[in-house]
Amino acid sequence: MSVSAHDRAVRPEEITEHLLTALEGVVLRYRALRPPTEDADLYAEVVTAEVAHQLSVARSALRSGPSLDAP
């Protein structure tokens, strides 16, 4: 199966768009929660874990995509 230059360019753009949208969602959700100060550390850990997950998903998607060296 041949992968066009267009396909190789679109896939990373789609992954990037998904990542940015997901991270924006994280920010909006946790800003809306406004945790009490005694729970701030817990919320920071949850945000950190969710961001790490989204980065992992994006990395995996980029690795599983078509090779940029493909003709």
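Student: Why is glutamine 54 called buried?

Tutor: Buried means under 20% relative accessible area, exposed over 50%, and partly exposed in between, using a 1.4 Å probe and protein chains only. Glutamine 54 has a relative accessible area of 14%, so buried is the label. Keep in mind that this is a predicted model, where local features need pLDDT of at least 70, side-chain atom pairs count only at pLDDT 80 or more, and totals for chains, interfaces and linings use all residues. Residues are numbered from 1 along each chain as its sequence is written, and side-chain values use heavy atoms, with hydrogens and water left out.

Student: Which residues does glutamine 54 touch?

Tutor: Leaving aside residues up to four places away in sequence, His18, Leu19, Ala22 and Leu23. Contact here means heavy atoms within 4.5 Å.

Student: What makes arginine 29 and glutamate 50 a salt bridge?

Tutor: The term asks for a side-chain nitrogen of Lys or Arg within 4 Å of a carboxyl oxygen of Asp or Glu. The closest N and O atoms of arginine 29 and glutamate 50 are 2.1 Å apart, so the pair fits the definition. Arginine 29 sits in helix 1 (residues 5-33) and glutamate 50 in helix 2 (residues 40-64), so parts 21 residues apart in sequence are tied together. Helices are DSSP runs (H or I, at least four residues), numbered from the N terminus.

Student: Are those two partners buried or partly exposed?

Tutor: One of each: arginine 29, at 42%, is partly exposed, while glutamate 50, at 19%, counts as buried.

How values were computed:
Helices (H or I, at least four residues) and strands (E, at least two) are DSSP runs, numbered from the N terminus.
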